[in-house]
Amino acid sequence: MLQIENKDRFAKIIAEALAKIELTVTDAGMKKRWINAIAKATAEIEENGVFMTYQEDDHSLIIWSQKSNKIYSANGHCQCRAFEQGSPCFHRAAARLVRLYMEPESVTVGTVEAKEIPYLKNTKEPIRVEKYGSVRLPIYN
Ligand SMILES: [Zn+2]
């Protein structure tokens with residue numbers, strides 16, 4: 001069972017994950033798929049965290065999928081069809097988010113310069129606010 005108690009910290013990790021995609025993924029289609037995977041992961045963690053377990057020893061996230069009735073063990077890899085096809089899946093996205101959330105020393109949230117990241121630019125009004133589960137992130141142009 002996985003429960004996110006520190007929502008502020010979780011929101012920062014999601015923002016950081018989106019920023020990393022923005023900075024490191026150049027292919028537009030792949031970028032979109034990863035962003036969707038992160039959005040789905042956020043919602044799944046919040047709604048179905050009861051079916052997830054974080055394994056500290058190998059940093060994997062065990063996810064019991066209600067939909068397929070399969071159990072996935074995700075860290076850098078996964079057992080689902082999307083992963084087989086080389087696509088981003090929410091299992092891997094969720095595993096990374098949870099790992100960063102669980103290990104405060106493994107990541108320094110806020111190391112990326114906000115001005116480099118379209119999502120986090122703070123110079124003008126956000127063009128819209130996107131919801132990732134219950135987390136709201138302002139999107140800037
Ligand atoms: Zn997967």
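**Group meeting: a walk through the helices**

Okay, let's start with one residue: V25 counts as buried, with a relative accessibility of 16%. Its place in the chain is the loop between α1 and α2. What does V25 touch, not counting residues up to four places away in sequence? The answer is K20, M30, K31 and W34. Hold on to W34, since we'll meet that residue again.

Before going on, please keep in mind that this is a predicted model.

So, the overall layout. The protein chain has 4 helices and 5 strands. Reading from the N terminus, you go α-α-β-β-β-α-α-β-β. There are 141 residues in the protein chain, and 40% of them are buried. And if you take the contacts between residues at least 6 apart in sequence, 52% of them join residues at least 24 apart.

Now α1, on one side of our V25 loop. With 18 residues at 1.5 Å a residue, α1 should span 26 Å, and its end C-alpha atoms are 25 Å apart, so the two agree. Which residues of α1 are buried? They are R9, F10, A11, I13, I14, A15, E16, A17, L18, A19 and I21. You'll notice that R9 and E16 are on that list too.

On the other side of the loop we have α2. How do α1 and α2 sit relative to each other? Their axes are 9 Å apart and the packing angle is about 165°, and α1 and α2 are therefore roughly antiparallel. Their crossing is right-handed. From α1, the contact uses K7, F10, I14, A17, L18, I21 and E22, and from α2 it uses K31, W34, I35, I38, T42, I45 and E46. By type, the residues in the contact of α1 with α2 come to 9 nonpolar, 1 polar and 4 charged. And there's W34, on the α2 side, having already turned up as a contact of V25.

Next, skip ahead to α4, residues 90-102. This helix has 13 residues and reaches 18 Å from its first C-alpha to its last, close to the 18 Å expected at 1.5 Å a residue. Is α4 enclosed or open? Well, 10 of its 13 residues are buried, so α4 is largely enclosed by the rest of the structure. The buried ones are F90, H91, R92, A93, A94, A95, L97, V98, L100 and Y101. And what do those buried residues pack against? Quite a list: the helices α1, α2 and α3, plus the strands β1, β2 and β3.

Let's pick out one of those partners, α2. The axes of α2 and α4 come within 8 Å of each other and cross at roughly 65°, which means that α2 and α4 are roughly perpendicular. The pass of α2 by α4 is a right-handed crossing. On the α2 side you have W34, A37, I38, K40, A41, T42, E44 and I45, and they meet F90, R92, A93, A94, L97 and V98 of α4. Sorted by type, the residues in the contact of α2 with α4 are 10 nonpolar, 1 polar and 3 charged. W34 again!

One of the α4 residues there deserves its own slide, and that's R92. R92 is buried, with a relative accessible area of 17%. Leaving aside neighbours within four places in sequence, R92 is in contact with W34, A74, N75, G76, H77, C78, F83 and S87. Also, R92 and S60 are 32 residues apart along the chain, and their C-alpha atoms are separated by 9.0 Å.

Last stop, two loops. Quick reminder: most residues other than glycine have a negative phi. Where do we find positive values here? One is H59, with phi near 60°, in the loop between β1 and β2. Another is N69, with phi near 55°, in the loop between β2 and β3. Buried or exposed? H59 is partly exposed, at a relative accessible area of 22%, while N69 counts as exposed, at 55%.

To recap: α1 and α2 run roughly antiparallel, α2 and α4 are roughly perpendicular, and α4 is largely enclosed, because 10 of its 13 residues are buried. If you open the model later, try W34 as a starting point: W34 takes part in the contact of α1 with α2 and in the meeting of α2 with α4, and W34 also touches V25 and R92. Thanks, everyone!

Key:
Residues numbered from 1 in each chain as written. Predicted model: local features only at pLDDT ≥ 70, side-chain atom pairs only at ≥ 80, totals over all residues. Heavy atoms only, no water. Expected span 1.5 Å × (residues − 1). Buried < 20%, exposed > 50% of the residue type's maximum accessible area, 1.4 Å probe, protein only. Contact = heavy atoms within 4.5 Å. Axes fitted to C-alpha atoms, helices over the stretch in contact; angles between N-to-C directions. Parallel < 35°, antiparallel > 145°, perpendicular 65-115°, else oblique. Left-handed = near helix turned anticlockwise from the far one by under 90°. Nonpolar A, V, L, I, M, F, W, Y, C, P; charged D, E, K, R; others polar.
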